[in-house]
Amino acid sequence: MQRVLSASVQVDGETVGSIGRGLLVFVGFGHDDTEAGIDPFLDRLLKLRIFEDEAGRMNRSLADVAGGLLLVSQFTLLADLAKGNRPSFGPAASPEIARHLYERMLDRAAAKHGPVAAGRFGADMKVALINDGPVTFVLP
């Protein structure tokens, strides 16, 4: 995830999702991921204190700053690069399962947090962002 001043996703030249200040979250699903993990993940994501307060300390959450949330599916996050020169995507969930989990995550995110935008599952996406900080975290 990246704290951003703005971020957007284009597919075939069309902007399909964009936010102002907030979080751009690249989401990948593995074989062991289930719907049961979505709400705990989102709860943690929305409560992470990674936005600055008046003193310049990371002390505010996405909810505190009413920031945007842009969720982008990215199966390459699950690539196994341990051997050879070509990534293996064996650890990634099948496209059918990953699509279901991604759509469920979008639904749950919209129910828990106001401004939610998304990329398009399985599409060739062009992601543009202005990273704020830069601040980038990996949330397992």
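1. Phe29 is a useful place to begin in this predicted model. Leaving aside residues up to four places away in sequence, Phe29 touches Leu78, Ala92, Ala93, Ala98, Leu101, Tyr102 and Met105.

2. Phe29 also belongs to the largest nonpolar core, which has 26 residues. Together with Leu23, Val25, Leu45, Leu69, Leu71 and Met105, Phe29 is among the members that touch the most others. Two or more residues of this core come from each of strand E3 (22–27), helix H1 (38–47), strand E6 (68–73) and helix H2 (95–112). H2 gives the largest share, six residues. Another core, of 10 residues, lies apart from this one and includes Val4, Ala7, Ala117 and Met125. In soluble globular proteins, nonpolar side chains tend to be buried together.

3. The secondary structure consists of two helices and eight strands. Their order along the sequence is β-β-β-α-β-β-β-α-β-β. Where contacts link residues at least 6 apart in sequence, 68% of them join residues at least 24 apart.

4. On overall dimensions, the radius of gyration of the chain is 15 Å, which agrees with the value near 14 Å for a compact globule because the chain has 140 residues. Along the principal axes, the C-alpha atoms fill a box of roughly 45 × 35 × 30 Å.

5. Turning to burial and surface, 36% of the 140 residues count as buried. The exposed area of the chain is about 8100 Å², and carbon and sulfur atoms supply 50% of that area.

6. As for charge, the chain carries 15 positive and 17 negative charges. The mean positions of these two groups are 4 Å apart.

Terms used:
Residues numbered from 1 in each chain as written. Predicted model: local features only at pLDDT ≥ 70, side-chain atom pairs only at ≥ 80, totals over all residues. Heavy atoms only, no water. Helix = DSSP H or I, 4+ residues; strand = E, 2+ residues; numbered from the N terminus. Rg over C-alpha atoms; globule rule 2.2 N^0.38 Å. Buried < 20%, exposed > 50% of the residue type's maximum accessible area, 1.4 Å probe, protein only. Contact = heavy atoms within 4.5 Å. Areas by Shrake-Rupley, 256 points an atom, 1.4 Å probe, with all protein chains shown as cover. Lys, Arg positive; Asp, Glu negative; His and termini not counted. Charge placed at Lys NZ, Arg CZ, Asp CG, Glu CD. Core = buried A, V, L, I, M, F, W, Y, C linked by side-chain atoms within 4.5 Å.
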